[in-house]
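Me: Could you take a close look at one helix pair in this model for me? I'd like to know how the two helices pack and what sits between them, and then how that fits with the rest of the structure.

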Amino acid sequence: MAQAVVNGLLIGGVYALVSIGVTLIFGVVKIVNFAQGEFVMIGMYISFFLFTQFGMDPVVSLLVSMPVLFVIGVLVQHFLIRRVLGLNDLPQIFLTFALSLLILNLALMLFTANYRTVHTSYSDEVLHLGGLIVPVAKLIAFVVAMLLSGGLWVFLHTTDLGKAMRAASQNRDVAQLMGINPNRVFAVALGIALALAGAAGSLLMPFYPAYPLVGQVFVLMAFVAVVLGTLGNVIGALIASLLMGIAESLGIQFIGADSGLIVVFLLLLTTLAVRPSGLAGGRRR
Amino acid sequence: MRLRGRGGIALGVGIAVMAVLPLVVKNAFAVDICIRILLFAFIGTAWNLLGGYAKQLSLGHAAFFGLGAYTSTLLQIDFGISPWIGMAAGGVVGMLASLPIGWLCFRLRGPYFAIATIATAQVLMLIFLKFRDFAWGAEGTTIPNLGNAPLMMQFDGKAPYYYIVLCLLALALAITAWVERSRIGYYLVAIGEDEDAAEAIGIDVPRVKRNIYMISSFLTALAGTFYTQYIYFIDPQTAFNFSVSIEAALVSIVGGIGTLWGPLIGTILLETTSALLQSWLGNSIGGVQLTVYSLILMAVILWKPTGIMGYVSELTRRRRGKAAGS
């Protein structure tokens with residue numbers, strides 16, 4: 001039981017990176033990014049190739065995957081998302097949805113559906129802490145994920161650009177009147193969100209296989225976490241993600257190996273049924 | 001008036017061509033493509049009732065497809081009941097399932113509605129994967145082949161399947177045409193434009209959405225039964241496949257969302273493209289079809305969100321405007 005909680009908490013840290021990205025984009029740009037999971041997948045493949053080609057440690061390759069995905073984020077904002085801002089639901093939903101399909105199927109064509117794994121020196125190592133087994137790779141992922149989340153929080157609250165992003169998420173029109181350039185803020189938000197997804201991918205690589213469909217699991221997790229926490233709220237998404245990780249892990253422990261996702265979805269649907277008022281962001285846009 | 005007459009002639013010719021097609025085309029591959037086109041046009045037309053007119057962008061129609069498929073197959077294999085009856089039963093099951101699903105998902109709007117519908121379809125798939133004593137689990141099952149047994153919806157050639165799905169499509173189009181002309185159609189469009197405003201002018205929004213969701217799910221479930229009978233196989237992955245949900249929305253958007261003929265036009269374009277790609281590249285590379293689909297979808301969204309039908313009506317309007325001006 002305690003072991004399952006630890007496992008869930010550790011993987012929840014990685015979910016948090018994905019959820020924070022989704023919630024950041026939603027908060028600032030008011031768009032739900034269906035393609036967020038595919039950017040995790042890109043991060044994983046970057047780390048996989050850097051490891052197999054140059055022997056670079058996946059955690060170190062974060063230094064490559066994050067900037068690459070930041071740039072992709074800025075490009076996605078500039079060439080795609082900018083063009084559907086202010087339009088109705090249909091283009092906003094289906095643009096990122098189409099992007100997700102496109103990246104996923106391109107990956108399928110380029111890399112095939114095979115599972116790719118990376119075996120690092122610490123992939124099998126575990127720590128024994130008071131009767132609990134803590135896998136080192138997951139622990140590293142968790143710690144780095146928390147550092148990145150904390151870094152983002154500090155960025156949003158102390159820097160001018162971070163404050164501008166929070167202002168734009170609270171009221172876009174007023175922010176614009178205060179001299180904040182929305183396009184620049186949106187580009188940075190997309191960049192950061194995708195960089196976090198890339199980081200999640202790199203951190204997963206030592207203990208999680210990369211395959212084209214891998215992102216779908218993470219993006220669904222992220223949606224649930226984002227809906228459970230308040231939308232657009234970074235801390236809410238973080239806490240909800242950790243809880244989701246634990247819920248999934250307990251589901252696997254008590255119902256069966258393939259039941260983690262059932263628990264997650266049921267959690268989402270029960271939340272919708274019991275506490276629709278908690279989903280204020282989902283009702284009003 | 002003249003235009004309407006011309007439209008009537010076009011419709012008559014279209015129906016005649018569709019009716020004799022399997023008599024002329026003997027190539028099994030070509031007939032198979034025609035069946036796929038009609039099937040997905042049917043599912044798209046069903047989706048369009050909810051997604052196109054009321055703008056409730058569901059990405060979980062696979063739920064009803066799968067329920068229809070499993071209902072008729074369970075009835076056939078466990079009780080020996082003909083899939084013809086099973087199809088109707090599956091439709092009713094799908095329709096009833098839309099009540100709790102709609103109760104949950106209609107609390108949400110826009111992207112959250114879409115996400116919630118994805119979740120319901122996925123939960124159903126996971127349930128059918130998990131509980132193997134109930135419905136064969138992940139392995140699925142084949143439908144016993146009885147040779148030529150029309151009463152059990154099994155036929156020697158492909159032509160009868162073609163006519164069945166043609167009738168289904170005609171049914172869905174007839175329902176859509178009726179909805180377009182009736183009061184509920186105007187309610188749906190009003191809801192699609194602005195839900196709050198529709199509520200404010202006295203439309204019972206939850207009821208209208210519930211009713212159209214029931215019709216849409218009923219039709220989608222019929223498609224599930226047909227598909228299982230056509231391929232003689234069922235498992236949770238095919239029955240609740242996410243790509244069914246995707247394609248239902250995709251053909252409508254590409255063809256023209258909220259129009260009678262949009263889903264059919266969209267399916268003809270997408271499925272023909274896919275068939276050409278397949279015969280050109282072969283089946284060897286996975287992902288080609290959806291890569292092309294997603295590019296088409298992006299292009300439509302960025303340049304013509306009203307789809308092909310929107311573009312056509314714009315052209316006609318422009319031509320008419322010119323004629324009036326001169």
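Reply: Sure. Bear in mind that this is a predicted model. In chain B, helix α12 (residues 242-255) packs with helix α14 (residues 288-303) at an angle of about 40 degrees, and their axes are 10 Å apart. Angles under 35 degrees count as roughly parallel, so α12(B) is oblique to α14(B). As for handedness, the crossing of α12(B) and α14(B) is left-handed. From α12(B), the contact is made by Leu250(B), Ile253(B) and Val254(B), and α14(B) brings Tyr293(B), Ile296(B), Leu297(B) and Val300(B). Sorted by class, that contact has 7 nonpolar residues, with no polar and no charged ones.

Now for the wider picture, starting with the core. The largest nonpolar core has 195 residues, and those touching the most other members are Leu17(A), Val18(A), Ala189(A), Phe42(B) and Val165(B). Helix α8 of chain A (residues 182-204) gives the most to this core, with 16 residues. Over in chain B, Val165(B) touches Phe42(B), along with Ile35(B), Leu38(B), Leu39(B) and Phe226(B), leaving aside residues up to four places away in sequence.

Then there's the contact between the chains, which takes 33 residues from chain A and 35 residues from chain B. On the chain A side, the elements that give two or more residues are α4 (89-111), α9 (214-228), α11 (260-274) and α12 (280-283). Of these, α4(A) gives the most, with 13 residues. By class, the chain A side divides into 25 nonpolar, 3 polar and 5 charged residues.

Definitions and conventions. Residues numbered from 1 in each chain as written. Chains lettered and ligands numbered in written order. Predicted model: local features only at pLDDT ≥ 70, side-chain atom pairs only at ≥ 80, totals over all residues. Core = buried A, V, L, I, M, F, W, Y, C linked by C-beta atoms within 7 Å. Buried ≥ 20, exposed ≤ 12 C-beta atoms within 10 Å, placed from the backbone. Helix = DSSP H or I, 4+ residues; strand = E, 2+ residues; numbered from the N terminus. Contact = placed C-beta atoms within 7 Å. Axes fitted to C-alpha atoms, helices over the stretch in contact; angles between N-to-C directions. Parallel < 35°, antiparallel > 145°, perpendicular 65-115°, else oblique. Left-handed = near helix turned anticlockwise from the far one by under 90°. Nonpolar A, V, L, I, M, F, W, Y, C, P; charged D, E, K, R; others polar.
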